[in-house]
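User: Please take a close look at one part of this model for me. I want the pockets, and what surrounds them.

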Amino acid sequence: MGLRESKKLRTRQEIADKAMQLFAVRGFDGVTVAEVAAAAGVSEKTVFNYFPTKEDLFFDEVPAREAALVEAIRARKPGESIVAALRRLQAGDCPRLCSPGFATFARIIEESQALQAKELQIMARFTEVLAGAIEGELGVHELEAKIAANVLVGVHWQLFHNARTQALAGRHGPAAVKRLRSDLERAYRLLEHGLAELEPASGKREVSA
């Protein structure tokens, strides 16, 4: 990486870091882009050069997360399925999702409808990108790739929601990581073995009167 690229990455990170510091104190909706720019020592135009929207400032790690999903598929181990590769990636993310810092992240999302709407857009984007990667890697039909991507992103999003629920309840650390990974394994077992295995907890279907 050249000097110019390194400088741009540092500037981008500095802007994102200052924004998060402000969001953590005053909430997403209580901070303006102008205030973020002032805190980072740059112009508003510079902020928008790096982040097209204010929501992108908050979700600054999304490009890296998206790239990681695609890389997990393209660089998976010989003989490793796409499902197994993504499960391994997400299991590795669990400690980060159970940290005190993530609890702050979760609280800010919980307080902002704008961020919740942006989250929907992000997951739609993940689905689109993942479908393209699956189609390219496996050579399957476009429809099959899209169906698979929707299911896999559904698991990914549920992991994120489970992590937020734990964080907002004040649970973090090793015990929270263990629980989150257990929930992830349950999701992937269901995915691998099919929805036909869904049964009531008692093992018998309830019959209404």
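Analyst: A contact here means heavy atoms within 4.5 Å. Among contacts in the protein chain with a separation of 6 or more, 69% join residues 24 or more positions apart. Keep in mind that this is a predicted model.

Start with the frame around the pockets. The protein chain has ten helices and zero strands. Read along the sequence, its pattern is α-α-α-α-α-α-α-α-α-α. The C-alpha atoms fill a box of roughly 65 × 45 × 35 Å along the principal axes. Of the 209 residues in the chain, 36% are buried.

Now the largest pocket. Its volume is about 630 Å³. The lining counts 30 residues. Nearest the centre lie E61, R65, R96, F105 and F160. Several helices contribute to this lining. Helix 1 (3-26), helix 5 (62-74) and helix 6 (82-97) are among those that supply at least two residues each. Helix 7 (100-110), helix 8 (113-138) and helix 9 (142-168) do so as well. By class, the lining holds 16 nonpolar, seven polar and seven charged residues.

Two of the central residues deserve a longer look. A search of the whole structure finds nine aromatic pairs. F105 and F160 form one such pair, and the geometry is edge-to-face. The ring centres are 6.2 Å apart, with 70° between the planes. The planes count as edge-to-face because the angle is over 60 degrees. F105 lies in helix 7 and F160 in helix 9, so the pair ties together parts that are 55 residues apart in sequence. What is the burial state of each partner? F105 has a relative accessible area of 17%, so F105 is buried. F160 is buried too, at 14%. The cut-off for buried is under 20%.

The pair belongs to a wider group. F23, F28, F58, F59, F102, F105 and F160 form one aromatic cluster. Two cluster members, F105 and F160, are among the residues nearest the centre of the largest pocket. Another member, F59, is among those nearest the centre of the second largest pocket. F28 has a charged partner. The charged end of K54 sits over the F28 ring, 4.4 Å from the ring centre.

F28 also leads to a loop. S112 is found in the loop between helix 7 and helix 8. Leaving out residues up to four places away in sequence, S112 touches F28 and D29. The C-alpha atoms of S112 and F28 are separated by 6.6 Å, yet the two residues are 84 apart along the chain. S112 counts as buried because its relative accessibility is 1%.

Next, the second largest pocket. Its volume is about 220 Å³. It is lined by 14 residues. D56, F59, V62, P63 and K118 lie nearest its centre. Helix 5 and helix 8 each supply at least two lining residues. Helix 8 gives the most, with five. The lining divides into eight nonpolar, one polar and five charged residues.

D56 is one of those central residues. It is found in helix 4 (residues 54-58). At 17% relative accessibility, D56 counts as buried. Leaving aside residues up to four places away in sequence, D56 touches F51 and K118. K118 itself is listed with D56 among the residues nearest the pocket centre.

One last stop is helix 9, which supplies lining to the largest pocket. N162 lies in this helix. Is N162 buried or partly exposed? N162 counts as partly exposed, because its relative accessibility is 21%. Beyond neighbours within four places in sequence, N162 is in contact with L180 and D183. The C-alpha atoms of N162 and L184 are 9.2 Å apart, across 22 residues along the chain.

To pull this together, follow the phenylalanines. F105 and F160 lie nearest the centre of the largest pocket, along with E61, R65 and R96. Those two rings meet edge-to-face. The cluster that holds both rings also includes F28 and F59. From F28, contact runs to the buried loop residue S112. F59 shares the centre of the second largest pocket with D56, V62, P63 and K118.

Technical notes:
Residues are numbered from 1 along each chain as its sequence is written. This is a predicted model: local features need pLDDT of at least 70, side-chain atom pairs count only at pLDDT 80 or more; totals for chains, interfaces and linings use all residues. Side-chain values use heavy atoms; hydrogens and water are left out. On a 1 Å grid over the protein atoms alone, a cavity is a set of points where a 1.4 Å probe fits but cannot get out, and a pocket is an open set with protein on both sides within 12 Å along at least five of seven lines; lining residues have an atom within 4 Å of a point. Grid points are joined across faces, edges and corners, and a volume is the space filled by probe spheres set on the points. Helices (H or I, at least four residues) and strands (E, at least two) are DSSP runs, numbered from the N terminus. Ala, Val, Leu, Ile, Met, Phe, Trp, Tyr, Cys and Pro count as nonpolar, Asp, Glu, Lys and Arg as charged, and the others, Gly among them, as polar. Rings of Phe, Tyr and Trp (its six-membered ring) pair if their centres lie within 6.5 Å; planes under 30 degrees apart count as stacked, over 60 as edge-to-face and the rest as tilted. Buried means under 20% relative accessible area, exposed over 50%, partly exposed in between (1.4 Å probe, protein chains only). A charge sits over a ring if NZ of Lys or CZ of Arg is within 6 Å of the ring centre and within 35 degrees of the ring normal.
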